[in-house]
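This note concerns the empty spaces in the model and the packing of its nonpolar residues. Please read the points beside the coordinates.

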Amino acid sequence: MTGIMVQKKPETPLIRPPSEWRSLLVRVTRGCRWNRCRFCGIYPALGEPGFSRRSAAEIKEDIDLLLARHPRARTAFFGDGDPLEAGLEVFVEVARYLRSRLPVERLTCYARASTLHRLGREGVQVLARAGLNRVHMGLESGDPETLRFHRKGQSPEMVQRVTTWLRDAGIQVSWYVLLGLGGRDHWQRHIRRTAWLINTSRPDFVRLRRLWLYREAGGPPCPLWEQVRDGSFVEQTPEGTVLELKLLLELLEPLDTFFVCDHANNYINVSGSLQEDREEMLAELHAFLALPEEERWQHYRSVGSRI
Ligand code: SF4
């Protein structure tokens, strides 16, 4: 009789920031506990409709399996949508365990502003002491009405407060901004308030995304289709998305912030320091917008959409 050895596989986060492609990907929780943002629905779409916590023992076992596969990893990332929902105790225990097994240069995670807010300034300091040194947070918009419409469950003030706590604790802050989130009717307000919030909060990174209403990702379609159907949300045009990016850059001050369009869905991929490269990024946008209309549309049609 021949025995077949089945190698145990670690669970890994369903999605991760593009900048974490080389990181050790550790799944601390499954899915998103909030799961209500109209523009998202991404975990149900990818086959994880609910939310569950994993035990510290399970996560540590996965860390061991991951380390056996990637012994030379220099960075690590904790998911899924909001791994701090594991509870401070579990999160800190697994963060310390990871760092005791591998001296990573960077440990990052996704985090909802409201979860960080619940932990308070002291909780954030505990996270920093456990070795967390960057947080990826979905700002999406700095406009309170846009955030309310999309059921984001956070206010600009809340994001501003937790950003201050994180930076004071020595944790870098990476914000995600979603072009198109105000739709065709409210794009100016969405961008102006977002620019104001960035200028006053000075996150370390601003990462741009374009709103994409997916239909078939394997699960239910993007929840926002309902508002598109009833007319309460009118989708932005491709060119409108580029104009949003241009307006945002025009309104941003020369901050010590790295600005980057680092997702395949973006129509234009500018990136650089707001202090040193803002003019160059704007020049790139102006050059694109000066192209003949047919050429611009050819470009829009050539850009794919994916999660
Ligand atoms: S955007 Fe983030 S918080 Fe909102 S439902 Fe999606 S994963 Fe959850």
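The numbered points below take up the pockets, the cavity and the nonpolar cores in turn.

1. The structure is a predicted model, and the points that follow should be read in that light. Local features are considered here where pLDDT is at least 70, whereas totals for linings use all residues.

2. The largest pocket has a volume of about 1,000 Å³. Its lining comprises 38 residues, and I15, C40, I42, Y110 and R209 are the closest to the pocket centre.

3. Which elements give two or more residues to the lining of the largest pocket? They are α1 (42-45) together with the strands β6 (134-140), β7 (172-179) and β8 (205-210). The largest share comes from β6, which supplies 4 residues.

4. By class, the lining of the largest pocket consists of 21 nonpolar, 8 polar and 9 charged residues. Among the residues closest to the centre of this pocket, R209 is charged, while I15, C40 and I42 are nonpolar.

5. The second largest pocket encloses about 170 Å³ of space. It is lined by 13 residues, and those nearest its centre are R210, L211, W212, E235 and Q236. This lining divides into 7 nonpolar, 4 polar and 2 charged residues.

6. How many cavities of 30 Å³ or more does the structure hold? There is 1 such cavity, and the space within the largest cavity is about 40 Å³.

7. The residues that line the largest cavity are L179, R210, T241, V242, L245, N266, Y267 and I268. Helix α9 (residues 238-251) gives the most to this lining, with 3 residues. The classes represented are 5 nonpolar, 2 polar and 1 charged. R210 deserves attention in the display, as a residue of the cavity lining that is also listed among those nearest the centre of the second largest pocket.

8. The largest nonpolar core has 68 residues. Within this core, the residues with the most contacts are F78, L116, V135, M137, L208, L245 and F259. One of these, L245, also belongs to the lining of the largest cavity.

9. What does M137 touch, leaving aside residues up to four places away in sequence? Its partners are A111, A113, L116, V159, V162, T163, L166, V173, S174, W175 and Y176. L116 is thus a partner of M137 and is itself listed with the residues that have the most contacts inside the core. Apart from this core lies another, of 19 residues, which include A45, C222, L224 and F233.

Key: Residues are numbered from 1 along each chain as its sequence is written. This is a predicted model: local features need pLDDT of at least 70, side-chain atom pairs count only at pLDDT 80 or more; totals for chains, interfaces and linings use all residues. Side-chain values use heavy atoms; hydrogens and water are left out. On a 1 Å grid over the protein atoms alone, a cavity is a set of points where a 1.4 Å probe fits but cannot get out, and a pocket is an open set with protein on both sides within 12 Å along at least five of seven lines; lining residues have an atom within 4 Å of a point. Grid points are joined across faces, edges and corners, and a volume is the space filled by probe spheres set on the points. A nonpolar core is a set of buried Ala, Val, Leu, Ile, Met, Phe, Trp, Tyr and Cys residues joined through side-chain atoms within 4.5 Å. Buried means under 20% relative accessible area, exposed over 50%, partly exposed in between (1.4 Å probe, protein chains only). Contact means heavy atoms within 4.5 Å.
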